Amino acid sequence: MSSNTIGNVIRCKAAVAWEAGKPLVIEEVEVAPPQALEVRLKILFTSLCHTDVYFWEAKGQKPLFPRIFGHEAGGIVESVGEGVTDLKPGDHVLPVFTGECKECRHCKSEESNMCDLLRINTDRGVMLNDGKSRFSIKGQPIYHFVGTSTFSEYTVVHVGCVAKINPAAPLDKVCVLSCGISTGLGATLNVAKPTKGSTVAVFGLGAVGLAAAEGARIAGASRIIGVDLNSNRFHAAKKFGVTEFVNPKDHDKPVQEVLVEMTSGGVDRSIECTGNINAMISAFECVHDGWGVAVLVGVPNKDDAFKTHPINVLNEKTLKGTFFGNYKPRSDIPSVVEKYMNKELELEKFITHEVPFSEINKAFELMLKGESLRCIIHMDA
């Protein structure tokens, strides 16, 4: 990174998805300079999240190709566009798939992180400023993904989607905080808010669910019950504070009834991290009446409907939802990084694999086989 790149097109390597479900191809791309309120970043480390795989497979949504995926990453600011005042070249940052413009009603509300301008948009493959892509190969535009496109050595991001962090934080660890880990952690700490000594159930023990369990561990929950259809996940989950396990397939009654019996009336808090509609209903119905709170994190199918008897609500059970753990990207993510720096939050246990950029397709293979939580991709290797 040198000052002679500022204002110029940068040629670099990127992993391009030319069509749905086909291996990514390492190509030389041209990355245009940042325009007004944009930042060009040098990506040092990126990790693979299930959302990348889902949109790469393009089974359930409108396909948009060729595209550069990637949205969990850590990097350094290379240059800034006009009007950018709170970032400068050399700053260490995490790009985030959603944003914080700091001007809209959501951003000005202490209760919301759902920015009107920069809220996640999976269909948009271009920049907001001019409706064009900053990536091209021999004049052909390559589409962006959720405003981040971190599977490229350089990328251009709206300033509102960039969290400036402590430069001492190791980017190969804290890069996982720019999506899934913060989502699960915040669902527990910011939304469920379990008290010390309470009982928490976590549905789904993938990376997000384990981050929710980590949040319960940090909060001092006395019992953390993991619920998953895959019993192979139970052993690894112990490292994240999970104390007991329930596989719904092992029981001949609804899992919510099993949990109510195990906990003398229901858990104090539950966090649902699968997106399965039946798990969502179970997560709500397993909480204790009078004070129980269930938090939905997983994204459902578009035709799903949540059905429960209204008496569950009348009996003072609370149902909540969350997006990105209720964290505002620019305002809050730097403090989550500090939780790691002061050893309150452990991140190493989420990182199960590491690969060089040239082997990025291996990261997809590991996730599709269910073998990885987070695979760190080293961009300079």
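What follows is a short chat about the fold of this predicted model.

The model is a prediction, with local features needing pLDDT of at least 70 and side-chain atom pairs pLDDT 80 or more, while totals for chains, interfaces and linings use all residues. Residues are numbered from 1 along each chain as its sequence is written, and side-chain values use heavy atoms, with hydrogens and water left out.

Me: How many helices and strands does the chain have, and what is its radius of gyration?
Reply: Helices are DSSP runs of H or I with at least four residues, strands are runs of E with at least two, and both are numbered from the N terminus. On that count there are 11 helices and 17 strands. The globule rule (2.2 Å times the number of residues to the power 0.38, with the radius taken over C-alpha atoms) gives 21 Å for 381 residues, so the chain is as compact as a globular protein of that length, with a radius of gyration of 21 Å.

Me: Which strands are the edges of the parallel sheet?
Reply: Strands count as paired if DSSP finds at least two bridges between them. The sheet is open, with 6 strands in the order β12-β11-β10-β13-β14-β15. Pairing on one side only marks the edges, β12 (244-246) and β15 (318-321).

Me: Which residue stands opposite Ile 271?
Reply: Look at β13 (269-272) and β14 (293-296), which run parallel and are joined by 4 bridges. Opposite Ile 271, in β14, stands Val 295.

Me: What angle does helix α8 make with β13?
Reply: Helix α8 (277-285) packs on this sheet and touches β10 (199-203), β13, β14 and β15. Contact here is heavy atoms within 4.5 Å. Angles run from 0 to 180 degrees between N-to-C directions, with axes fitted to C-alpha atoms, for helices over the stretch in contact. The direction of α8 makes an angle with that of β13 of about 170°.

Me: What is the average twist in the sheet that holds β1?
Reply: That one is an open sheet of 4 strands, β1-β2-β6-β7, with antiparallel pairing. Its edges are β1 (10-16) and β7 (140-142). From one strand to the next, the twist averages 50°.

Me: Which residue in β6 does Glu 30 stand opposite?
Reply: Strands β2 (25-31) and β6 (135-137) pair in the antiparallel sense over 2 bridges. Across from Glu 30 in β6 is Ser 136.

Me: Are α1 and α11 roughly parallel or roughly perpendicular?
Reply: The axes of α1 (50-57) and α11 (360-368) come within 11 Å and cross at roughly 95°. The contact brings His 50, Val 53, Trp 56 and Glu 57 up against Phe 364, Met 367 and Leu 368. Under 35 degrees counts as roughly parallel, over 145 as roughly antiparallel, 65 to 115 as roughly perpendicular and the rest as oblique. The two helices are therefore roughly perpendicular.

Me: Where is the proline of the cis peptide bond?
Reply: The bond joins Phe 65 and Pro 66, with omega about -5°. Pro 66 sits in the loop between α1 and β4 (72-80).

Me: What is the phi of Leu 37?
Reply: Leu 37 is in the loop between β2 and β3 (38-47). It isn't a glycine, yet its phi is positive, about 60°.

Me: How far apart are the end C-alpha atoms of residues 207-338?
Reply: An unreviewed UniProt entry annotates this span as "domain: Alcohol dehydrogenase-like C-terminal"; such annotations may be inferred rather than shown by experiment, and positions use the numbering here, with names shortened. The span is 36% helix and 15% strand. Its end C-alpha atoms lie apart by 20 Å.
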